[in-house]
Amino acid sequence: MSKAIIQIDGNNFYASCEQMIDPSIKGKGLVILSNNDGCIIARSSEARKMGIPMGTPYFKLKKKLKQLNIAVRSSNYELYGDISNRLMQLLRKNCEELEIYSIDEAFGTMKRPKDKCLYQWSSNLRSLVYQNIGIPISIGIGETKVLSKISNHIAKKIERNSGIFDISIIENKDYYLNQIEVDKVWGVGKKMSIWLKGRGINNARELRDMPSNQINRKYGVVGIRIQNELKGKLCIPVKEISSAKKEICVSRSFAYPIDTLEELNQAICKYVLIASAKLRRNNQLLSAIKIFTTTNINSKDFYKSEATIQLNIPTSNSKVILEQSLKLTRKIFKPYRKLIKAGVILHKLQGNQYKQIPIFDERSIQEKFRHKTLDNIIDNINKRNKSDTLSWGSSTIKKEWEPRREKLSYLKTTKIERIPSVFAN
Ligand SMILES: [Mg+2]
């Protein structure tokens, strides 16, 4: 019990980021829309209390949102990413180890003080994060990752816990574990929860106490790990370094359907450039590219297509990836189809420290060097200014069919000119 696992989660993260940069919507109903202003993907707690459901198409609720005076924002991933970085940096300074789990979630470890109590430490951390970043967080503490996730759930659910809960100091956890439905247990997916419920296992306590051989037969080590973690035996340690990405996907819906090869090419170019810049940031190379497109699934002549190409020499060079991807767009394009979405997936990724190059082709080596220099220049300029300050001509998308983001917050934490000025006399 000397080392505690801490699970930290930003409350209603996207909504909290928007409320942080715009105090006029603090404490009010607020919803965030998906790409292209399609569906509701996040809500402030106030909007949730007003009964606004997740996942509903925006156009269906537009009138109701107005009546209830609920603010609407387009998703602003640049903002959420920036706030997430700041949050993680602060958490890293305050935990012994830290594993970033998602944009708004992290697992940490902390040694318990002599009196074993981490409430004061947690309370200080919550205040520090709120003061420095303006985001409310919840803190769940447990002996294992699975228990710390359950703890966080309880921290959020019961108001008097004020966002902090430590399940490890409770000897008999049955009362709490009985309240956690089995599909809410971390690691239990949809299939596993159906299988468990079919056997009368409906909550976390029942999963902990079921015969191990049953779960072992069906789910092997994965199932046993979850059960052991529920018993308080640490099986899934906190990993400080997140494992390298296995693939990178960039896809978008269009503001209105497109039906020419030229437009599809422009879209694919743009997504390829975003994806390959990401690849270089991760110090990775790819060996396969997949591109795909689709019409509306409900349309009469529904059409969906994808194509993949394998490369002999792994690369991260934008020019090479663009050339190969544009060969693929000709394969997936079909005239008169109203395409509403397209994307690219970079596959078979590997670290760039072991790169094979053809040694007998001197011209190719020089050319590769020039390509690399060009990529570096573009990446550096875009990093210093704005992500698309410098780009390839082929990726110029007509403004009209770029995804809709009509309700985008104006203020930004990533651009100096969008930070408000304060005047004092
Ligand atoms: Mg969250």
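Let me start with one residue, Cys39, which counts as partly exposed because its relative accessibility is 26%. I should say at once that what we are looking at is a predicted model, so please hear every value as a computed one.

Staying with Cys39, you may wonder which cysteine sulfur is closest to the sulfur of Cys39, and how far away it lies. The closest is in Cys249, at 18 Å, and since a disulfide calls for sulfur atoms within 2.5 Å, that distance is too far for a bond. Cys95 is in no disulfide either, its nearest cysteine sulfur being that of Cys117, 16 Å away. Is Cys95 buried or exposed? Cys95 counts as buried, because its relative accessibility is 7%. For the structure as a whole, the number of disulfides is zero.

Let me turn now to the metal. The magnesium ion is coordinated by Asp9 and Asp104, each through OD, and by Gly10 through O, with distances of 2.1 to 2.5 Å. Read along the chain, these donors follow the spacing D-G-x93-D. Distant parts of the chain are linked here, given that Gly10 sits in strand 1, residues 3–10, while Asp104 belongs to the loop between strand 5 (97–102) and strand 6 (105–111), 94 residues apart. Gly10 and Asp104 are both buried.

Next, the nonpolar interior. The largest nonpolar core has 33 residues, and those with the most contacts inside it are Ile6, Ile8, Phe13, Leu87, Leu91 and Leu125. Among the elements that give two or more residues to this core are strand 1, helix 1 (13–21), helix 4 (77–94) and helix 5 (119–133), and of the contributors helix 4 gives the most, with seven residues.

Ile8 deserves a moment, as it ties together several residues I have already named. Leaving aside residues up to four places away in sequence, Ile8 touches, among others, Leu91 and Leu125, and its contacts also include Cys95 and Asp104. So that you can place those on the screen, recall that Cys95 is the buried cysteine at 7% relative accessibility, and that Asp104 is one of the residues coordinating the magnesium ion.

Apart from the largest core lies another one, of 30 residues, including Ile268, Ala275, Ile309 and Ile332.

Finally, the overall division of the chain. The domain assignment gives domain 1 as 1–170, domain 2 as 173–235 and domain 3 as 248–401. Between domain 2 and domain 3, the C-alpha centres lie 42 Å apart.

Definitions and conventions. Residues are numbered from 1 along each chain as its sequence is written. This is a predicted model: local features need pLDDT of at least 70, side-chain atom pairs count only at pLDDT 80 or more; totals for chains, interfaces and linings use all residues. Side-chain values use heavy atoms; hydrogens and water are left out. Buried means under 20% relative accessible area, exposed over 50%, partly exposed in between (1.4 Å probe, protein chains only). Donors are N, O and S atoms within 2.8 Å of the metal (3.2 Å for Na, K and Ca); water is not among the atoms, so sites may look incomplete. Helices (H or I, at least four residues) and strands (E, at least two) are DSSP runs, numbered from the N terminus. A nonpolar core is a set of buried Ala, Val, Leu, Ile, Met, Phe, Trp, Tyr and Cys residues joined through side-chain atoms within 4.5 Å. Contact means heavy atoms within 4.5 Å. Domain bounds come from an automatic or database domain assignment.
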